[in-house]
Amino acid sequence: MNSSNMVSSWVDLGPCPFLHKSTLSTSCIQIGAHFTGSQISRCKKYVVDVTFMAVDLSSKTLSGFIKVDKTSKDSESFENATNNGKSTTSYFNGEIISRKFPFVTGKWGASIETDTNHWNELNVVARFPNYYRDDFDYSQLENFDHVYMRWKESFILPDSTRNSEKKPSSGFYYVCLQKSTGELTGYFYNKSSERLQLLELKYDPQVTSTAFQIR
């Protein structure tokens with residue numbers, strides 16, 4: 001065939017049909033993992049996106065971005081309230097509950113009662129009745145289907161539409177991620193905010209398309 005008549009183009013076949021599911025990007029606690037869902041706060045429901053930017057299981061830490069979209073058409077305002085807020089994206093640091101970061105928070109204004117109320121909402125007491133004890137065996141969590149965490153905002157990304165810099169909240173999230181389903185549930189705590197602001201997210205696996213070049 002004459003090279004001048006050769007056709008060069010990219011053909012995208014979409015997800016490869018003969019790859020086993022285990023070879024796809026299905027881990028929901030890894031760098032780049034993306035979650036979508038909502039947070040209900042002050043009679044309003046906001047669209048939320050979370051992306052993990054760093055995950056270190058050996059040090060029991062992770063970090064990423066939380067985007068709260070108050071302008072999305074999927075956001076809802078209850079009780080006829082107007083939804084005229086702006087979207088914000090903040091960077092957070094997370095602690096994975098372990099011997100290094102126990103269930104007792106001991107900071108950020110959280111008391112033992114605060115911890116108990118929020119962890120109980122995430123069904124910790126039903127799975128681990130003695131989780132609050134000093135001698136609790138945290139090795140039980142290593143291969144457990146549920147991963148418990150705390151997320152704390154570090155800073156809010158600059159926005160050219162704001163006249164002044166917005167400071168991150170002094171509160172934090174109590175979080176439970178079920179690895180087998182990719183479902184994430186959390187509750188935001190802040191002394192000055194309403195109790196039990198619900199965060200509900202679902203893992204959104206990023207499937208890589210299969211492509212090759214025809215010459």
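Student: Where does Tyr187 lie?
Tutor: Tyr187 lies in strand S9, which covers residues 183–189. Please keep in mind that this is a predicted model.

Student: Is Tyr187 buried or exposed?
Tutor: Tyr187 has a relative accessible area of 11%. Buried means under 20% relative accessible area, so Tyr187 counts as buried.

Student: Which residues does Tyr187 touch, leaving out those up to four places away in sequence?
Tutor: Tyr187 touches His118, Glu121 and Leu122. Its other contacts of this kind are Phe172, Tyr173 and Tyr174, together with Leu196, Gln197 and Leu198.

Student: And Val175, how many residues apart in sequence is it from Tyr187?
Tutor: The two are twelve residues apart in sequence. In space, their C-alpha atoms are 6.7 Å apart.

Student: Let us step back to the whole chain. What does its secondary structure come to?
Tutor: The chain has two helices and eleven strands. Along the sequence, the pattern reads β-β-β-β-β-β-α-α-β-β-β-β-β.

Student: How many residues are in the chain, and what share count as buried?
Tutor: There are 215 residues in the chain, and 37% of them count as buried. The accessible surface of the chain comes to about 12700 Å². Carbon and sulfur atoms account for 51% of that surface.

Student: What about contacts between residues 24 or more positions apart?
Tutor: Among the contacts in the chain with a separation of 6 or more, 61% join residues that are 24 or more positions apart.

Student: Now strand S6. Why is it largely enclosed by the rest of the structure?
Tutor: Strand S6 spans residues 88–96, and seven of its nine residues are buried, so the strand is largely enclosed by the rest of the structure.

Student: Which strands pair with S6?
Tutor: Strand S4, residues 61–69, pairs with S6 in the antiparallel sense over eight bridges. Strand S7, residues 146–156, also pairs with S6 in the antiparallel sense, over seven bridges.

Student: Which residue in S6 stands opposite Lys67?
Tutor: Lys67 stands opposite Thr89 in S6. On the pairing with S7, Glu95 stands opposite Arg150.

Student: Changing topic: how many cavities of 30 Å³ or more does a search of the whole structure find?
Tutor: The search finds one. The largest cavity has a volume of about 40 Å³. Its lining consists of Phe103, Val104, Ile112, Asp115, Thr116, Trp119, Tyr131 and Tyr132.

Student: And what is the volume of the second largest pocket?
Tutor: The second largest pocket has a volume of about 220 Å³. It is lined by 13 residues, and those nearest its centre are Lys60, Ile96, Leu141, Glu142 and Val147.

Student: Which element gives the most to the lining of that second largest pocket?
Tutor: Strand S7 gives the most, with three residues.

Student: Last topic, confidence. What is the mean pLDDT of the chain?
Tutor: The mean pLDDT is 79, and 72% of the residues reach 70 or more.

Student: Where is confidence lowest, and where is it highest?
Tutor: Confidence is lowest in strand S1, residues 9–12, at a mean of 39. It is highest in strand S8, residues 172–178, at 96.

Student: Over which residues does pLDDT stay under 50?
Tutor: One such stretch is residues 3–26, for which the model has 35 contacts beyond four places in sequence. Another is residues 76–84, with 16 contacts beyond four places in sequence.

Notes: Residues are numbered from 1 along each chain as its sequence is written. This is a predicted model: local features need pLDDT of at least 70, side-chain atom pairs count only at pLDDT 80 or more; totals for chains, interfaces and linings use all residues. Side-chain values use heavy atoms; hydrogens and water are left out. Helices (H or I, at least four residues) and strands (E, at least two) are DSSP runs, numbered from the N terminus. Buried means under 20% relative accessible area, exposed over 50%, partly exposed in between (1.4 Å probe, protein chains only). Contact means heavy atoms within 4.5 Å. Accessible areas come from the Shrake-Rupley method with a 1.4 Å probe; for residues, only the protein chains shown count as cover. Two strands pair if DSSP finds at least two bridges between them. pLDDT is the predictor's confidence in each residue, from 0 to 100. On a 1 Å grid over the protein atoms alone, a cavity is a set of points where a 1.4 Å probe fits but cannot get out, and a pocket is an open set with protein on both sides within 12 Å along at least five of seven lines; lining residues have an atom within 4 Å of a point. Grid points are joined across faces, edges and corners, and a volume is the space filled by probe spheres set on the points.
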